[in-house]
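Hi there,

Here is the structure I promised to pass on to you. Have a look at it first, and then read on for what turned up when I went through it.

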Amino acid sequence: MSLSKRHKRRLKELSRMIESTIAVRDEMVEINLEYAKEIEEFILLIQKQQGTDDKKSSIDKKENSVIVADEKMPSDSIKSEETTSEHQSVTNNEPINTHDDTTPPWAKSLWKKIALKCHPDRLNFTKLPSLELAKRQMLFSKARNACADQAWEKLLYYGIILDEYIGDLTMSEQYIMLEKQYNDAAAGVSNVQSSLAWKWGTDWKNIDMRIQIITVCCQSKNIIPPSRENLMSMLIKFESE
């Protein structure tokens, strides 16, 4: 079953949406970790003021997961690595076994197309632009990992980003596989936005909100929160630094 031009365009558009949403999610996670560090710094100021500073991190891993809502994890973003014009070596270029019974026929075919286009031995380092070279090498590595993990929906996504399409699955089947990845990435964005750290960093003008956040963090550490007036004074000074 072949895909029409419109089908390919819609699959490519959804793949680009996945790509951009993953990039936004990853940037937000990085920013959110910085916001969490600010909260930790402020809690330490409170401990010093109260003479209870134990010179240890004021927020342990469990509490930090509540504040930032999500741990930093390996990204599916194709923009998550540095680019270079030099010949980069891809980790473990040995062939992947895609001939077992658990590998869908379409995945075998798609992996071959990706390998033909992106394997370092087949890249023309004198003609392709440096950004395109970096992109193909990165996608080759990610596609390898997808095959190793049997994450066929990711392999489909990487293939479409490379303009490699398959006819073994219907348009609806492929769209559903891509849509799930988009929804997962979008959920990651929402997860960050719902965290205390994000509210702390983005709603910085709302003193009442910040006081509530610090109060919750203090209570989680069995620290007596300063008075509202004291907290307000500390927050104003903290923000002015």
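Which residues of the largest nonpolar core touch the most other members? They are Leu 11, Trp 106, Trp 111, Ile 114, Leu 155, Tyr 157 and Leu 178, in a core of 32 residues. Several helices contribute to this core: helix 1 (5–50), helix 3 (105–118), helix 4 (130–148), helix 5 (152–161) and helix 6 (171–193) each supply at least two of its residues. Please keep in mind that this is a predicted model.

Leu 11 is a good place to start clicking. Leaving aside its neighbours within four places in sequence, Leu 11 is in contact with Leu 3, Ile 160, Tyr 165, Met 171, Gln 174, Tyr 175 and Leu 178. Apart from the largest core lies another one, made of 23 residues, including Phe 42, Val 192, Ile 214 and Cys 218.

Now for the overall picture. The protein chain has nine helices and zero strands, and along the sequence its pattern reads α-α-α-α-α-α-α-α-α. Of its 241 residues, 40% are buried. Among contacts between residues at least 6 apart in sequence, 75% join residues at least 24 apart.

On to the charged side chains. The count of salt bridges comes to ten, and three of the pairs are described here.

- Arg 25 and Asp 26 meet through their side chains, at 3.1 Å from N to O. Are these two residues buried or exposed? Arg 25 has a relative accessible area of 13%, so it is buried. Asp 26 has a relative accessibility of 11%, so it counts as buried too. The cut-off for buried is under 20%.

- Glu 132 and Arg 136 form a salt bridge at 2.9 Å, N to O. Both residues lie in helix 4, four residues apart, which is about one turn of the helix. Glu 132 is partly exposed, with a relative accessible area of 24%, whereas Arg 136 counts as buried at 17% relative accessibility.

- Arg 228 and Asp 208 form a salt bridge at 2.4 Å, N to O. This pair links distant parts of the chain, with Arg 228 in helix 9 (residues 228–240) and Asp 208 in helix 8 (residues 207–220), 20 residues apart. Arg 228 is partly exposed, at a relative accessible area of 41%, and Asp 208 counts as partly exposed at 37% relative accessibility.

Elsewhere, salt bridges that share partners join Glu 38, Arg 210 and Glu 239 into one network.

That brings me to helix 8 and helix 9. How do their axes cross? The axes come within 10 Å and cross at roughly 110 degrees. Angles of 65 to 115 degrees count as roughly perpendicular, so helix 8 is roughly perpendicular to helix 9. On the helix 8 side, the contact is made by Ile 207, Asp 208, Arg 210, Ile 211, Ile 214 and Thr 215. On the helix 9 side, Arg 228, Leu 231, Met 232, Leu 235 and Glu 239 take part. The residues of this contact divide into six nonpolar, one polar and four charged. Some residues here will be familiar from above: Asp 208 and Arg 228 are the partners of a salt bridge, Arg 210 and Glu 239 belong to the network with Glu 38, and Ile 214 is among the members of the 23-residue core.

Happy browsing, and all the best!

Notes:
Residues numbered from 1 in each chain as written. Predicted model: local features only at pLDDT ≥ 70, side-chain atom pairs only at ≥ 80, totals over all residues. Heavy atoms only, no water. Core = buried A, V, L, I, M, F, W, Y, C linked by side-chain atoms within 4.5 Å. Buried < 20%, exposed > 50% of the residue type's maximum accessible area, 1.4 Å probe, protein only. Contact = heavy atoms within 4.5 Å. Salt bridge = Lys/Arg side-chain N within 4 Å of Asp/Glu carboxyl O. Axes fitted to C-alpha atoms, helices over the stretch in contact; angles between N-to-C directions. Parallel < 35°, antiparallel > 145°, perpendicular 65-115°, else oblique. Nonpolar A, V, L, I, M, F, W, Y, C, P; charged D, E, K, R; others polar.
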